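Reader: Please take a close look at the charged side chains of this model, and at how they pair or stay unpaired. I would like one connected account that also says how far each of them is covered by protein.

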Amino acid sequence: VFKRFVEIGRVAFIAFGPHAGKLVAIVDVIDQNRALVDGPCSGVRRQAMPFKCMQLTDFVLKFPHSARQKCVRRAWEKENINEKWAATRWAKKIDARQKKAKMTDFDRYKVMKAKKMRNRIIKHEMKKLQKLASQKGKKPEKSEKPEKPEKAKKPEKPKKAQKAQK
Amino acid sequence: MAGEKAPVEKNPGKKKAGEKKPAGQKEGGEKKKKVKKHHASRNPVLARGIGRYSRSAMYARKALYKRKYTAPETKIEKKKKEMPRATITKPVGGDKNGGSRVVKIRKMPRYYPTEDVPRKLLSHGKKPFCQHKRRLRASITPGTVLILLTGRHRGKRVVFLKQLGTGLLLVTGPLAINRVPLRRAHQKFVIATSTKVDISGVKIPKHLTDAYFKKKRLRKPKHQEGEIFDTEKEKYEITEQRKSDQKAVDSQVLAQIKKVPQLRGYLRSTFSLSNGVYPHKLVF
């Protein structure tokens with residue numbers, strides 16, 4: 001049922017508070033509500049932090065409890081947590097949300113145009129397939145279905161590339 | 001005392017005469033007529049602030065009776081002497097009226113207020129509109145794309161050119177893109193976006209001022225009532241000057257707009273809000 005546990009070395013994402021948005025490693029547990037936490041590679045000083053503001057990630061580091069910052073840093077860099085984190089979907093979603101919030105009026109226009117173009121392409125392909133399907137009958141329909149999702153992926157890429165460009 | 005006085009008087013007198021020429025010659029480099037050396041005080045001091053002779057005695061001693069000067073008449077005073085005409089004769093019609101009347105040019109007032117209007121003290125810091133400080137938001141710089149919020153062009157995105165003397169913003173569509181001509185817009189009724197067009201090389205003609213854009217109204221109803229409505233401009237006609245100015249500015253601005261991809265389409269589109277879009281959350 002539960003897959004991520006609070007343990008020594010668990011990397012957690014801070015959801016709110018002064019260090020919102022940063023990653024920390026749990027170094028020790030103080031009591032039911034707080035943990036000793038350290039984020040040498042993410043700019044968080046070693047401090048007590050309530051569990052409530054932490055959200056557990058999939059990463060676990062190996063170091064003994066109450067290990068000093070140097071050890072935590074070594075373990076962090078060995079595991080390359082920063083890069084692994086940036087590759088997760090979680091981090092990408094956060095990034096996308098931030099970009100969307102920063103969009104200027106001009107960017108919104110460009111996105112609208114890109115979306116429109118993409119939808120047109122998709123619709124065009126759909127219509128083609130539907131036409132084929134209505135002409136030929138049941139058997140050719142089944143073979144044509146797997147083609148659709150492939151073509152849908154192509155127009156996605158130019159839209160994401162445009163968003164990343166701005 | 002008297003004996004002493006006499007030679008004292010004469011010597012300085014001689015000094016004066018003697019020194020006229022050398023003094024004149026010394027200063028002759030500049031002006032020959034000018035200041036003669038001044039005589040020492042002819043009123044010996046008895047105690048500080050108290051002179052030996054009275055005012056009238058001094059008048060005599062200084063021979064002011066023969067030294068009366070008047071200041072040269074200035075041009076203003078000369079003009080004042082030329083008295084303006086007080087009356088004028090005007091011809092009068094009618095048979096038995098005698099051909100003309102003598103009419104006063106400046107007549108007596110027809111009303112004298114019984115109470116004096118209290119003179120208002122000068123108020124502090126209340127300036128007329130022409131002297132007001134004009135401010136411009138930091139987000140609005142030449143070349144910024146603005147969104148007009150009021151007027152017949154509401155929702156249109158437009159390029160900002162410069163701020164005019166009264167503080168209004170000079171703005172252009174450009175006309176070819178969204179049918180907004182060279183026009184004035186009010187700073188308060190405009191959203192400044194962060195999109196900027198590089199207008200540094202664009203030269204805006206200097207005659208585009210507030211007076212150029214001011215609405216013209218005819219107010220001379222000398223005709224009878226029936227014709228009043230005709231004389232006032234109902235239909236606004238675009239003058240040739242406006243067209244030529246529009247072309248001159250737009251050609252330069254359009255060249256810059258074409259350099260940015262998709263900007264032309266952006267300026268053609270209009271701004272609108274839809275469900276879930278909140279202006280306070282939008283970044284412009």
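Author: A residue is called buried here when its relative accessible area is under 20%, exposed when it is over 50%, and partly exposed in between. With these words fixed, please keep in mind that the model is a predicted one, and that everything below is computed from it.

Side chains of opposite charge can pair when their charged atoms come close. Over all chains, the structure holds 10 salt bridges, and a good place to begin is chain B, where the side chains of Asp210(B) and Arg184(B) meet in a salt bridge with an N to O distance of 2.8 Å. This pair links distant parts of the chain, since Asp210(B) belongs to helix H5 (residues 210-213) and Arg184(B) to strand S8 (residues 183-185), 26 residues apart. The two partners fall into separate classes of cover: Asp210(B) has a relative accessibility of 13% and therefore counts as buried, while Arg184(B), at 26%, counts as partly exposed because this value lies between the two cut-offs.

In chain A, the salt bridge between the side chains of Arg4(A) and Asp58(A) has an N to O distance of 2.7 Å. Here too distant parts of the chain are linked, with Arg4(A) in the segment before S1 and Asp58(A) in strand S5 (residues 54-60), 54 residues apart. Arg4(A) is partly exposed, with a relative accessible area of 37%, whereas Asp58(A) reaches 54% and so counts as exposed. The segment before strand S1 (10-14) of chain A also holds Phe2(A), which counts as exposed at 66% relative accessibility. Together with Val1(A) and Phe5(A), Phe2(A) forms a nonpolar patch on the surface, the three residues having about 440 Å² of accessible area together.

A further pair in chain A is Asp38(A) with Arg46(A), whose closest N and O atoms are 3.2 Å apart. Asp38(A) has a relative accessible area of 0% and is therefore buried; Arg46(A), at 33%, counts as partly exposed.

Beyond these pairs, Asp105(A), Arg108(A) and Arg157(B) are linked in a network of salt bridges, which brings residues of chain A and chain B into one group. Arg157(B) is found in strand S6 (residues 157-163) of chain B, and its relative accessibility of 5% is under the 20% cut-off, so it counts as buried. The side chain of Arg157(B) also makes a polar contact of 2.5 Å with the side chain of Ser269(B).

The unpaired charges tell another part of the story. Lys113(A), Lys116(A), Arg120(A), Lys123(A), Lys127(A), Lys258(B), Arg264(B) and Arg268(B) gather in a patch of positive charge on the surface. Two elements give two or more residues to this patch, namely helix H4 (105-136) of chain A and helix H8 (263-268) of chain B, and H4(A) gives the most, with five residues. Membership in such a patch asks for over 30% relative accessible area and no salt bridge. Lys258(B) meets the first of these conditions because its relative accessible area is 62%, which also makes it exposed. Lys258(B) has its place in helix H7 (residues 240-259) of chain B.

Helix H7 of chain B also carries Gln246(B), an uncharged side chain that is useful to set beside Lys258(B). Gln246(B) has a relative accessibility of 7% and so counts as buried, whereas Lys258(B) is exposed. The side chain of Gln246(B) is joined to that of Thr172(B) by a polar contact of 3.2 Å, and it reaches the backbone nitrogen of Leu182(B) at 2.7 Å.

To place the residues of chain A in their setting, that chain has six helices and five strands, and from the N terminus on its elements run β-β-β-β-β-α-α-α-α-α-α. Of its 166 residues, 28% count as buried; Asp38(A), at 0% relative accessible area, is one of the buried residues.

Definitions and conventions: Residues numbered from 1 in each chain as written. Chains lettered and ligands numbered in written order. Predicted model: local features only at pLDDT ≥ 70, side-chain atom pairs only at ≥ 80, totals over all residues. Heavy atoms only, no water. Patch = residues over 30% accessible without salt bridge, like charges linked within 9 Å, V, L, I, M, F, W, Y side chains within 5 Å. Areas by Shrake-Rupley, 256 points an atom, 1.4 Å probe, with all protein chains shown as cover. Salt bridge = Lys/Arg side-chain N within 4 Å of Asp/Glu carboxyl O. Lys, Arg positive; Asp, Glu negative; His and termini not counted. Charge placed at Lys NZ, Arg CZ, Asp CG, Glu CD. Helix = DSSP H or I, 4+ residues; strand = E, 2+ residues; numbered from the N terminus. Buried < 20%, exposed > 50% of the residue type's maximum accessible area, 1.4 Å probe, protein only. Polar contact = N/O pair within 3.5 Å; in protein donor to acceptor, adjacent residues only side chain to side chain.
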